[in-house]
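Got your viewer open and a selection tool at hand? Let's take a walk through this model, one stop at a time.

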Amino acid sequence: MLSSLMDPAGRRISYLRLSVTDRCDMRCTYCMSETMTFLPRAEVLDFEELLRLSHVFVGHGVRHLRITGGEPLVRKDIGSFLTELGTLLHRPDDAGRLRELTLTTNGSRLAGFADLLVRAGVRRINVSLDSLDAERFARITRRGTLATTLEGIRAARLAGLAVRINTVAMAGVNDDEFDAMLAWCGQIGADLCLIETMPMGDTGVARQSSYLPLSDVRARLEKRWTLDTIPAAVAANGPARYVRVSETGQRLGFITPLSHNFCSTCNRVRLSCTGRLYTCLGHEDGADLRSLLRGGATDRDLNDAIGAAIARKPARHDFLLERATGQVMGPERHMSVTGG
Ligand code: SAM
Ligand code: SF4
């Protein structure tokens, strides 16, 4: 078993985001185009391949595994895959044990999966929800139904899952709703995390016009709510900076890749559904683990390739999105392929 992974900037890599599919039953305007085409199945790792890589990563020091996509819950047999992954939480060997299994979902199938998730060992999930207005929700997601996602969230809370609502903050789209969302999250006992739009992949919709720096949003929210900063050391690892909302007791997070770079504390890597390891959301460099897997690689070969990719992990992303000048810089691949 190899020791834990450290990148050249001294960041310990303990978190893997695993995209299990690029497919989705929604087409959110900031994520995909209306006519998004998906990968042929042969290009996507099968569950056996995904499980093998998960074992290798956990052996390498990964302690937090988040399942994402595309929409993870639309993949056939995802339930048995998650149940199998959950066994990594109960390994007798402390050094090789996963500490946390989590999931990011759009909620469309959550109602049918909430109990299974709990049985598999999942304790908290992120659910994407950009509006509490049914028409607006339908416009943003193009195919989603607000009532279905809300039903999924309700089922998740009833099953005992902690829920964080992820909301992409968009000027002129949903920026009049953050007060209402914060209040609603307080009522259902969920955290809320606001996210700046990232320039990833062509969606057929210009992102500059809706880009909203979260520093502005925070200043506005502070007029109505008491926001107490939670020190980074107390908050969970990751890019979000958290405050406690005194009035509700819930947390509010801000993910600000554009207005406030968070790379210095990055502890994560991502595995796309095609088996490509990305060491940074904003860069193309990584490792083609699918070719190795399908070429008969040993665990040692996989370990070496993962270690070599992490040794090249960029110090920071180079996203650029400027409303005033119209400048945009980001990778061509979509978030749904890399795994958001
Ligand atoms: N389908 C699931 C969902 O929507 O939660 C999981 C995958 S989705 C790619 C993961 C997260 O990425 C979602 O919270 C979504 O809002 C976010 N996302 C997608 N494209 C984004 C972009 N261009 N900028 C910022 N966030 C984005
Ligand atoms: Fe699908 Fe999630 Fe992308 Fe929306 S954000 S299109 S739900 S993958």
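Before we start, one bit of vocabulary: a crossing of two helices is called right-handed if the near helix is turned clockwise from the far one by less than a right angle, and left-handed if it is turned anticlockwise. Keep in mind, too, that this is a predicted model.

**Stop one: helices 2 and 3.** Select residues 78-86, which make up helix 2, and residues 110-120, which make up helix 3. Their axes come within 8 Å and cross at roughly 20 degrees. Angles under 35 degrees count as roughly parallel, so helix 2 is roughly parallel to helix 3. Now use that bit of vocabulary: helix 2 passes helix 3 in a right-handed crossing. Which residues meet here? Show the side chains of Ile78, Gly79, Leu82, Thr83 and Gly86 on helix 2, and on helix 3 those of Phe113, Leu116, Leu117 and Ala120. Sorted by class, the residues of this contact are six nonpolar and three polar, with no charged ones.

**Stop two: helices 1 and 2.** Keep helix 2 on screen and add helix 1, residues 47-59. The axes of helix 1 and helix 2 come within 11 Å, crossing at roughly 20 degrees. Helix 1 and helix 2 are therefore roughly parallel to each other. Their crossing is right-handed. To see the contact, pick Phe47, Leu50, Leu51 and Ser54 in helix 1, which meet Ile78, Phe81, Glu84 and Leu85 in helix 2. This contact has six nonpolar residues, one polar and one charged.

**Stop three: helices 1 and 9.** Hide helix 2 and bring up helix 9, residues 299-310. At what angle does helix 1 pack with helix 9? It's about 65 degrees, with the axes 10 Å apart. The crossing of helix 1 and helix 9 is right-handed. Helix 1 brings Arg52, Leu53, Val56 and Phe57 to the contact, and helix 9 brings Asp299, Leu302, Asn303 and Ile306. By class, that's five nonpolar, one polar and two charged.

**Stop four: ligand 1.** Leave the helices and zoom in on ligand 1, which has 19 residues around it. The closest are Tyr30, Gly70, Thr104, Ser128 and Met198. Try drawing some distances. A polar backbone atom of Gly70 is 3.0 Å from a nitrogen atom of ligand 1. From Glu71, a polar side-chain atom lies 3.2 Å from a nitrogen atom of the ligand. A polar backbone atom of Thr105 is 3.2 Å from an oxygen atom of ligand 1.

**Last stop: ligand 2.** What surrounds ligand 2? Select Cys24, Met26, Arg27, Cys28, Cys31, Met32, Gly70 and Asn106 to see. This shell divides into five nonpolar residues, two polar and one charged. You may recognize Gly70, which you have just seen beside ligand 1.

Technical notes:
Residues are numbered from 1 along each chain as its sequence is written. Chains are lettered from A and ligands numbered from 1 in the order in which they are written. This is a predicted model: local features need pLDDT of at least 70, side-chain atom pairs count only at pLDDT 80 or more; totals for chains, interfaces and linings use all residues. Side-chain values use heavy atoms; hydrogens and water are left out. A residue is near a molecule or strand if one of its heavy atoms lies within 4 Å of it. Ala, Val, Leu, Ile, Met, Phe, Trp, Tyr, Cys and Pro count as nonpolar, Asp, Glu, Lys and Arg as charged, and the others, Gly among them, as polar. Axes are lines fitted to C-alpha atoms, for helices over the stretch in contact, and angles run from 0 to 180 degrees between N-to-C directions. Helices (H or I, at least four residues) and strands (E, at least two) are DSSP runs, numbered from the N terminus. Angles under 35 degrees count as roughly parallel, over 145 as roughly antiparallel, 65 to 115 as roughly perpendicular and the rest as oblique. Contact means heavy atoms within 4.5 Å. A polar contact is a pair of N or O atoms within 3.5 Å; within protein, one must be able to donate a hydrogen and the other to accept it, and residues adjacent in sequence count only if both atoms are side-chain atoms.
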